[in-house]
Amino acid sequence: MESVRSYLTGLECRACCTTVEADRPVGTCPTCGHTLFATYDLAGASSTFTRVGVQGRPGTLWRYRELLPVRTATNILTLGEGFTPILDLGELPSAPGVHCLLKDDGLMPTGSFKARGMAVAVSRARELGIARLFAPTAGNAGIALAAYAARGGLPATIYLPESAPEAVPRACRAYGAQVVAVPGTIREAGEEGRRREKGTGAFDMSTLREPYRVEGKKTMGFEIAEQLAGDAFPDAIVYPTGGGTGLVGMFKAFQELRTLGWVDRIPRLYAVQPDGCAPVVRALREEAPRVRAWEDPRTIAPGLAVPAPFASERILEAVRASGGGGTTVPDLAMVEAMELLAKGFGISTCPEGAAPAAALGPLLRARQIRAGETVLLYNTGSGAIWDVRGLRDALGAAGKVAR
Ligand SMILES: Cc1ncc(COP(=O)(O)O)c(C=O)c1O
Ligand SMILES: [Zn+2]
């Protein structure tokens, strides 16, 4: 891997086209405040970044080094993340005729896909000399930040909604991070974090408010393209959407891969959100340019309780430009899908990770996906910290939805 390097060229704002030098710490666009995205010299990268070129590399997301932002190999903080399996589920009862695959990021270090973003962003933060980190999180991003900050010897503070499952603050503290519990949703946690950390020199690692977590998420798309080459490449990807980094990251990955000639099309991307918090799906239905904040979000899936995703224009762009769409699912359907995947297939999922399986029936009925197609369900996290029976009981007790 020694001759392989990052071809990062800079950062750009897709909203106002401002370009920014990448080799000093920066959060959002200095001109308009929107998300900054990394740009690469794709022509330069193409000499080594080929299907054959990456084939023999270690089975982690760092095999895509040319299109990741970390410049110096010794700055890479790794826990062995990435290159998770894609499992063939065949047909699910809710979607006859649809060929279902499942990519299992429940097997990532720290138990969720959030390790992808944090491995890359914390490595890059350390490379740029940042000494302290903080982030608001629904849970999984906090655990991942805590672990990679520990790997890099950086202090981290996690701002967490009070309603997060107990296992989350416990896991963050076990990695040595500080935890601040905040009433409300991730939105309030973010406001509180930014207020408290102002002037402290700590760097804000919030979703799409710094440029590099999405680069790590991009590797979901790289892996799907590498693992499912040719005819196996899926027609559609169904993804549980909260802050939107996954969809935005995969779309960026497929755009880069199309330019490089790895793929000739982009799978249709579908956002799944719970009935009780669905700002992205509502904006898709309303054909709106951005989301309106969802009042009173209620769902058992903490990672999907994001009432106002920051970069909603980019999420909507990824879904629309890929020809995809979206659907909502009730909380109970997520719990049933957790049970189906666990008992029927031996796959452990969190409520968010089960949401794509729950969405198959609604997507098929709405003719967004069709019999004969290959659809990849993205399991974003493991069910290890979840008590499925407890969730079912809680839903029963609360009527239909619980907080
Ligand atoms: C398990 C899980 N799935 C999905 C999401 C949504 O992530 P995003 O839409 O930012 O990719 C989260 C976010 O916290 C999560 O923890
Ligand atoms: Zn801008």
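A residue counts as near a molecule if one of its heavy atoms lies within 4 Å of it. Keep that in mind as you click around this predicted model.

**Stop one: ligand 1**

Select ligand 1 and show its surroundings. You should find 15 residues around ligand 1, and those that come nearest are Y239, G242, G244, G246 and T380.

Now zoom in on three of those glycines and show their backbone atoms. At G242, a polar backbone atom is 2.7 Å from an oxygen atom of ligand 1. Move along to G244, where a polar backbone atom is again 2.7 Å from an oxygen of the ligand. Then try G246: here the distance from a polar backbone atom to a ligand 1 oxygen is 2.8 Å. How much of ligand 1 does the protein bury? Taken alone, ligand 1 exposes 400 Å², and the protein buries 97% of that.

Turn on a pocket display if your viewer has one. The space that ligand 1 takes up is the largest pocket. Next, color β10 (236–240) and α8 (245–260), the elements that each give two or more residues to the shell around the ligand. If you color the shell by residue class instead, expect 9 polar, 4 nonpolar and 2 charged residues.

**Stop two: a three-stranded sheet**

Leave the ligand and select β1, β2 and β3. Together these 3 strands form an open sheet, in the order β2-β1-β3, with antiparallel pairing. Why do β2 and β3 each have one side without a neighbour in the sheet? β2 (19–20) and β3 (36–40) stand at the edges and each has a single partner strand, so one side of each is left without a neighbour there.

Start with β1, residues 8–13, and look across to β2: the two pair in the antiparallel sense over 2 bridges. Pick E12 and you'll see T19 of β2 standing opposite.

Before you move on, follow the chain through the hairpin of β1 and β2, which has 5 residues between the strands. Stop at C17 in this hairpin and check its backbone: C17 takes a positive phi near 70°.

Finally, look from β1 across to β3. How many bridges join these two strands? There are 5, and the strands run antiparallel. To see one pair, select L11, then A38, its bridge partner in β3.

Notes:
Residues numbered from 1 in each chain as written. Chains lettered and ligands numbered in written order. Predicted model: local features only at pLDDT ≥ 70, side-chain atom pairs only at ≥ 80, totals over all residues. Heavy atoms only, no water. Polar contact = N/O pair within 3.5 Å; in protein donor to acceptor, adjacent residues only side chain to side chain. Areas by Shrake-Rupley, 256 points an atom, 1.4 Å probe, with all protein chains shown as cover. 1 Å grid on protein atoms, 1.4 Å probe; cavity = no way out; pocket = protein on both sides within 12 Å on 5 of 7 lines; lining within 4 Å. Sits in = over half its atoms within 2 Å of the grid points. Helix = DSSP H or I, 4+ residues; strand = E, 2+ residues; numbered from the N terminus. Nonpolar A, V, L, I, M, F, W, Y, C, P; charged D, E, K, R; others polar. Pairing = 2+ DSSP bridges.
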